[in-house]
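Please look through the sequence and the model below before reading on. The paragraphs that follow lead from the interior of the chain to its surface.

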Amino acid sequence: MEEIINKVANSALEVFDLEDYYPKGIRVQIDISQWLLEGFLLKEKDFREHLKNHDWSQYQDQYVAVHCSTDAIIPAWALILVGVHLAPFAKKVVNGTIEDLDASLYEEILSKIDYSVYKSKPVIVKGCSRKPVPMRAYILAANYLQPFARSIMYGEACSAVPLYKESKK
């Protein structure tokens with residue numbers, strides 16, 4: 001009986017796993033419609049009063065996404081004001097959903113990685129993850145890897161989809 005050889009483990013293939021860069025921390029979403037009249041109308045005096053009376057300390061060291069779940073037209077200053085209240089407590093505040101928040105976190109993290117370690121190597125961007133990695137992070141990772149990698153694939157080593165191959169010079 002022949003010995004089974006793991007060709008993937010013995011290859012030069014580098015795995016880029018976005019899950020390795022997933023920032024730890026609690027993520028919460030604040031829906032500002034709770035502070036609008038009937039969820040739609042922003043009355044400045046009432047809105048400011050709601051913000052003044054809200055316990056912002058509950059967001060200590062958390063990542064916060066601020067959005068409005070209704071079709072209300074919100075002036076820009078209202079979202080900025082919520083951000084001002086959150087600033088002393090939250091690690092990060094973004095306008096949008098939790099997915100927007102995760103994308104923003106990944107944008108920061110991925111911009112600081114030294115991709116030169118992937119120079120002239122075949123790279124597979126791991127596709128399956130147990131953590132909520134947003135699609136924008138995958139696209140961004142591929143963009144950062146492209147100037148360095150010889151090739152980029154997506155998925156798992158056993159079923160990778162080719163995305164990029166360096167042109168022969």
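A residue is called buried when its relative accessible area is under 20%, exposed when that area is over 50%, and partly exposed in between. The model is a predicted one, and the burial classes used below are to be read with that in mind.

Aspartate 102 is a useful place to begin: this residue sits in helix α4, which spans residues 98-110, and because its relative accessible area is 2%, aspartate 102 counts as buried. Once the neighbours within four places in sequence are set aside, the contacts of aspartate 102 are with Tyr22, Arg27, Pro132 and Pro134.

The nonpolar interior can be followed next. The largest nonpolar core has 19 residues, and those that touch the most other members are Trp35, Phe47, Trp56, Val64, Val82 and Leu86. Two or more residues of this core come from each of the elements β2, α2, β3 and α3, the last of these covering residues 76-86, and it is α3 that gives the most, with four residues. To see the surroundings of one such member, consider phenylalanine 47, which, apart from its neighbours within four places in sequence, is in contact with Trp35, Leu36, Leu42, Trp77, Ala78, Leu81 and Val82. There is also a second, separate core, made of 17 residues, which includes Phe16, Tyr22, Tyr115 and Leu145.

Tyrosine 59 belongs to the loop that lies between α2 and β3, the latter being residues 63-67. Is tyrosine 59 buried or exposed? With a relative accessibility of 8%, tyrosine 59 falls below the 20% limit and is therefore counted as buried. Beyond its neighbours within four places in sequence, the contacts of tyrosine 59 are Val28, Ile30, His54, Val64, Leu86, Phe89 and Ala90, and with histidine 54 there is a polar contact between the two side chains, at 3.0 Å. On a longer scale, tyrosine 59 and alanine 141 are separated by 82 residues in sequence and by 29 Å in space, taken from C-alpha to C-alpha.

The last stop is the surface, at the loop between β2 (27-31) and α2 (44-53), where phenylalanine 40 is found. Because its relative accessibility is 49%, which lies between the 20% and 50% limits, phenylalanine 40 counts as partly exposed. Together with Leu37 and Leu41, Phe40 makes a nonpolar surface patch of about 300 Å².

Key: Residues numbered from 1 in each chain as written. Predicted model: local features only at pLDDT ≥ 70, side-chain atom pairs only at ≥ 80, totals over all residues. Heavy atoms only, no water. Patch = residues over 30% accessible without salt bridge, like charges linked within 9 Å, V, L, I, M, F, W, Y side chains within 5 Å. Areas by Shrake-Rupley, 256 points an atom, 1.4 Å probe, with all protein chains shown as cover. Salt bridge = Lys/Arg side-chain N within 4 Å of Asp/Glu carboxyl O. Buried < 20%, exposed > 50% of the residue type's maximum accessible area, 1.4 Å probe, protein only. Contact = heavy atoms within 4.5 Å. Polar contact = N/O pair within 3.5 Å; in protein donor to acceptor, adjacent residues only side chain to side chain. Core = buried A, V, L, I, M, F, W, Y, C linked by side-chain atoms within 4.5 Å.
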